[in-house]
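Trainee: I have a model open on my screen and would like a close look at a single part of it. Could you pick one element and walk me through its side chains and its surroundings?

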Amino acid sequence: MARALVEAMSGDFHPEQWRDRYREAVETRIEDKLAGRLSEAEAVAEQVSDLEAALRKSIDEARAGRSTRMLDSAAM
């Protein structure tokens, strides 16, 4: 049964019918790098980095505000 299945699925191989998507992706990535364009992963990483910086700034500002409020209430 297995042999019949393999024979039924077998045929001549014509490589021109297939695309090398991996090679195409690598070539596209190389062209993007040479042109100075960011990859999708780099663009997302840059956005995450910006988000992280914004979050740190927000936390620092909140901590500074809390410290000022604590000093004001201690002076009362």
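Mentor: Happy to! Let's begin with a pair of charged side chains: R23 and E27 meet in a salt bridge, with 3.0 Å from N to O. Both residues belong to helix α2, where they sit four residues apart, about one turn of the helix. R23 is exposed, at a relative accessible area of 52%, while E27 is partly exposed, at 36%. The cut-off for exposed is over 50%, so R23 passes with its 52%, and E27 at 36% falls in the class in between.

Since that pair lies in α2, let's make this helix our part. Please keep in mind that you are looking at a predicted model. Helix α2 covers residues 21-35 and has the highest confidence in the chain, with a mean pLDDT of 93. Helix α3, residues 40-75, has the lowest, with a mean of 75. Over the whole chain the average is 83, and 86% of the residues score at least 70. A word of caution for your reading: where pLDDT is low, the predicted coordinates should not be read in detail.

Now the helix itself. α2 is built from 15 residues and spans 21 Å from its first C-alpha to its last, close to the 21 Å expected at 1.5 Å a residue. Just after α2 comes G36, which takes a positive phi of about 80 degrees.

Next, have a look at D32, another residue of helix α2. With 18% relative accessibility, D32 counts as buried, because the limit for that class is under 20%. The side chain of D32 makes a polar contact of 2.8 Å with the side chain of R37. Burial is scarce here: of the 76 residues in the chain, 3% count as buried.

Charged pairs deserve a second look too. R19 and E24 join their side chains in a salt bridge of 2.7 Å, N to O. In that pair R19 is exposed, with a relative accessible area of 58%, and E24 is partly exposed, at 32%. For a pair in another helix, turn to R56 and E52, whose side chains form a salt bridge of 2.9 Å, N to O. These two are four residues apart in helix α3, so about one helical turn separates them. E52 counts as partly exposed, at 40% relative accessibility. Salt bridges with shared partners also link R29, K33 and E42 into one network. The count for the model comes to six salt bridges.

There is a nonpolar side to the story as well. Y22, V26, I30 and L34 form a nonpolar patch on the surface, and together they have about 470 Å² of accessible area. One of them, Y22, has its place in helix α2. Y22 is exposed, with a relative accessible area of 65%.

Finally, let's step back to the whole chain. Its secondary structure amounts to three helices and zero strands, and from the N terminus on the elements run α-α-α. The chain exposes about 7500 Å², and carbon and sulfur atoms supply 58% of that area. If you return to one place on your screen, try R23 and E27 in α2 again, about one turn of the helix apart, with their salt bridge of 3.0 Å, N to O.

Definitions and conventions:
Residues numbered from 1 in each chain as written. Heavy atoms only, no water. pLDDT = per-residue confidence, 0-100. Buried < 20%, exposed > 50% of the residue type's maximum accessible area, 1.4 Å probe, protein only. Polar contact = N/O pair within 3.5 Å; in protein donor to acceptor, adjacent residues only side chain to side chain. Salt bridge = Lys/Arg side-chain N within 4 Å of Asp/Glu carboxyl O. Patch = residues over 30% accessible without salt bridge, like charges linked within 9 Å, V, L, I, M, F, W, Y side chains within 5 Å. Areas by Shrake-Rupley, 256 points an atom, 1.4 Å probe, with all protein chains shown as cover. Expected span 1.5 Å × (residues − 1).
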